[in-house]
Amino acid sequence: MNPSRRKALKAGGSLGLFSALVAMGLVKPGDAWAEAWSKGVFDAKGVPEALAALGASAPTMVGDIVITAPDIAENGAVVPVGAVSKLPGTTQIAYLIEKNPNTVTAVFDIPAGTLPEVQTRVKMGQTSNVMVLVKADGKYFAAQKEIKVTVGGCGG
Amino acid sequence: MADPMKIRATLQGDTVEVRVLMAHNMETGARKDSSGTPIPAHFIQTVNATHNGKVVFAAQWGTAIAKNPFLQFKFKGGAKGDKLQLSWTDNKNASRTDEATIG
Amino acid sequence: MNTRLILAALAGTALAGTALAQTSPTDEFQKFRDVMEEDNPAELFEARGEEYWKTPRGPKNASLEQCDLGLGPGVVKGAYVQMPRYFADVGQVMDAERRVVHCMVTLQGLKYEDITRQPFSNDKGTPDHVSVVTYVAGESRDMKIAVPQAHPKERDTYRIGQEIFGFRAGPYDFACSTCHGADGRRIRMQDLPNLTKPEGAVKGILGWPGYRMTGGFMLTSQWRMNDCFRQQRFPEPKYLSDTVTAILAYQAVNANGQLYRGPGIKR
Amino acid sequence: MDRKYVSALLLGALGMPALLLATNAAADNDYRAQALAMVKRDFQAKGSAGLDRLEEDGVQALCNRTGNHPPKDVAARLEQDQLASVRLPADGRLMGDWKAGEKLAQSGRGFTWTDKPGLPVGGNCYNCHRISPAETSFGTVGPSLYEFGKLRGNGPDMQKYVYSKIFNAKSFNLCSEMPRFGHIGALKEDQIKDLVALLLAADSPVNSK
């Protein structure tokens, strides 16, 4: 992620909540990474631009990342996508949906003690490759899977 | 005010499995209402989970997380009866924090 | 950075995840629907409905906690799987949604016209009474369907519902039974449960109220009947009418003895 | 079934369902009468879907009263009536353009209260049938039509059969679940020709993989 942007965001609008969380003892002042939203990453269009925004221009494709998702999604509005990284030292998992208007869907931070696996549900406008990008030991790795989005219902 | 989250945190061996449902519209900003007026983007941007004052999970989301989001993750170091706090903040700077007990 | 190279690398990578070459698409849908049922956003609406149930509201500033869903005032647990049923106070058979609206009118003093002006959920949201129905349904989760047939009006309602189920009319000659009267039927990729048998009828029941993935809101059995008649090319059944109650009774009695696992999650 | 009932059914099937109601005696018929009265009370017109749609025509009335299994002799006579009403194209050509047919087969539009009246009505075919192999989202209410022409031929008789079946499916099976697309004016002559081509043309994807 882009450190300068993070810094800028931290100083910006979301500072209020951050202070509140600190006051509630939910977040320690040092946990800045938990706070910022990386606009540049989520604005990126297309996989190459998204990877660049994430600072992961040339990830190594590996089989040590398991994507759990349907081959055919019943409904593009709710597509369950899970990811498990078997790579030691995993600190971050990101979802990229190639054909969506904005490629990056989610970036998950995995602190020490948290398992490198996550599940969520995403929206897909059309059949697309879904890439799971993993940062492990400071290096980037990826796997991907095509998910088909069907036409359903009667059309009546 | 947004509805409470539904949080299930269960200890399985030495691992706490956390499953969360959040009530949020997750508007992409690309849709229009029935009169053709664009519906502004409204979506959760950050999610944080803390246990004993330590962040155990953090996420940044774009607009393509499904409406009424679901999230599942696992962490070690929790015990039965411990509290777990979940927070989200959206792009309109609204936020919500809920607490669950690990069972 | 050489994007072309990366893309070539991506294209050449073996796909992660399990291969499902031989399963049919509907099996695949069911597998992931099962996964989603475990964490169904309908629960968010159950929680909201419970709050509505317990909060004093309306001109009479009353909660719904004195509402009699058939098992006595305030008893919610298990009530949903025993409806539609005969209610002596109104001399009618009512389904759950009809009864909830009845309670909102009689106990809270809310106007029937106001509640029913927007009977169903849409992009703008899920109406309060729909959340209440979702709550009521959720309080019967994992219980057996046991719709009573003791009262003569309950038996009559079932038989009338059976007749309406098979009633073919309209430009396409469709009846409910055209789609839902036999096993193994599908419209496009949508499975059509056979509502004349227990295993099929319970599928119909546990679908609604259900969380509709398209739109992300709750839809009830009343809505399902309304939209079925639309697709049947019929005119519109009036909301909470005897006709809709009769078909719901037909379906529910056919499902007696089956386990209710709803509220559902639907495409 | 006694003759009197059958003749009453025939009269009804010819367009006088009211006469049928007069013959109701058994408990079943009481419930049917109650159901019909309830339906008339509980429906409202919406969009293009008027209350007139609740009036059964002869075929519907007969099928509704026999559990879709009318006596064979009665059914045969009425099927002939239905077949006689099929209007075959004056130019004698029954095969159109399978590409247009495929598009039409995909569309499920028409006649619901949310469909704008006057818009072209779809064939609704994939809702119930497997047709071209490329379309994997198909229904199973009706039989598979994949390789229909390959398996059944595409000579003049088969063309006439398929055209007539789409025009009025009740011509061959009185209580068929398939709508009478030509009979009710949902599909025009050219559209039915296109669907015939989709099922029968040698170069249609249905027959040439």
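## Cavities, salt bridges and a buried helix

The largest cavity in this structure has a volume of about 190 Å³. The model is a predicted one, and it holds 3 cavities of 30 Å³ or more.

Let's begin inside that largest cavity. Its lining is made up of 18 residues, and C:Tyr80, C:Met83, C:Pro84, C:Ser221 and C:Leu248 are the ones nearest the centre. Two or more lining residues come from each of α4 (96-106), α10 (221-231) and α11 (242-254) of chain C. The biggest contribution is that of α11(C), with 3 residues. Sorted by class, the lining has 12 nonpolar, 4 polar and 2 charged residues.

The second largest cavity encloses about 70 Å³ of space. Of its 13 lining residues, A:Ala73, A:Glu74, A:Pro80, C:Phe32 and C:Met36 are closest to the centre. The elements giving two or more residues here are β3 (72-73) and β4 (79-85) of chain A, along with α2 (25-38) of chain C. Here α2(C) gives the most, with 5 residues. The class split is 9 nonpolar, 1 polar and 3 charged.

Pockets are worth a look too. The second largest pocket holds about 540 Å³ of space. It is lined by 24 residues, and those closest to its centre are A:Lys123, B:Met26, B:Thr28, B:Arg31 and B:Thr63. That lining comprises 9 nonpolar, 10 polar and 5 charged residues.

Now for the charged pairs. Side chains of opposite charge can pair when their charged atoms come close. Over all chains, the structure has 38 salt bridges, and the table shows three examples.

| Salt bridge | N to O distance |
|---|---|
| B:Lys74 and A:Glu117 | 3.0 Å |
| B:Asp98 and B:Arg96 | 2.8 Å |
| C:Lys197 and C:Asp183 | 2.6 Å |

The salt bridge of B:Lys74 with A:Glu117 crosses between chains, linking strand β5 (residues 70-76) of chain B to strand β7 (residues 114-122) of chain A. B:Lys74 has a relative accessible area of 19%, so it is buried.

Within chain B, both partners of the B:Asp98 and B:Arg96 salt bridge are hidden from solvent by the accessibility criterion: B:Asp98 is buried at 11%, and B:Arg96 is buried at 16%.

In chain C, C:Lys197 forms a salt bridge with C:Asp183. C:Lys197 sits in the loop between β5 (190-192) and α9 (198-207), and C:Asp183 in the loop between α8 (176-180) and β4 (185-187), so the pair ties together parts that are 14 residues apart in sequence. C:Lys197 is partly exposed, with 36% relative accessibility. Elsewhere, salt bridges with shared partners join B:Arg8, B:Glu17, B:Arg19, C:Glu38, C:Asp39 and C:Glu43 into one network.

Another charged residue, C:Glu236, belongs to strand β8 (residues 236-237) of chain C. It has 11% relative accessibility and therefore counts as buried. Its side chain makes a polar contact of 3.2 Å with the side chain of D:Lys46. Beyond its neighbours within four places in sequence, C:Glu236 is in contact with C:Asn226 and with several chain D residues, including D:Phe43 and D:Trp113.

Finally, chain D offers helix α4 (residues 58-65). Why is this helix largely enclosed by the rest of the structure? It is because 8 of its 8 residues are buried, among them D:Val59, D:Leu62 and D:Arg65. D:Asp57 caps the N-terminal end, with a side-chain oxygen 3.2 Å from the backbone nitrogen of D:Val59. Just after α4(D), D:Gly67 adopts a positive phi of about 60°.

Terms used
Residues numbered from 1 in each chain as written. Chains lettered and ligands numbered in written order. Predicted model: local features only at pLDDT ≥ 70, side-chain atom pairs only at ≥ 80, totals over all residues. Heavy atoms only, no water. Buried < 20%, exposed > 50% of the residue type's maximum accessible area, 1.4 Å probe, protein only. Helix = DSSP H or I, 4+ residues; strand = E, 2+ residues; numbered from the N terminus. Polar contact = N/O pair within 3.5 Å; in protein donor to acceptor, adjacent residues only side chain to side chain. 1 Å grid on protein atoms, 1.4 Å probe; cavity = no way out; pocket = protein on both sides within 12 Å on 5 of 7 lines; lining within 4 Å. Points joined across faces, edges and corners; volume = space filled by probe spheres on them. Nonpolar A, V, L, I, M, F, W, Y, C, P; charged D, E, K, R; others polar. Contact = heavy atoms within 4.5 Å. Salt bridge = Lys/Arg side-chain N within 4 Å of Asp/Glu carboxyl O.
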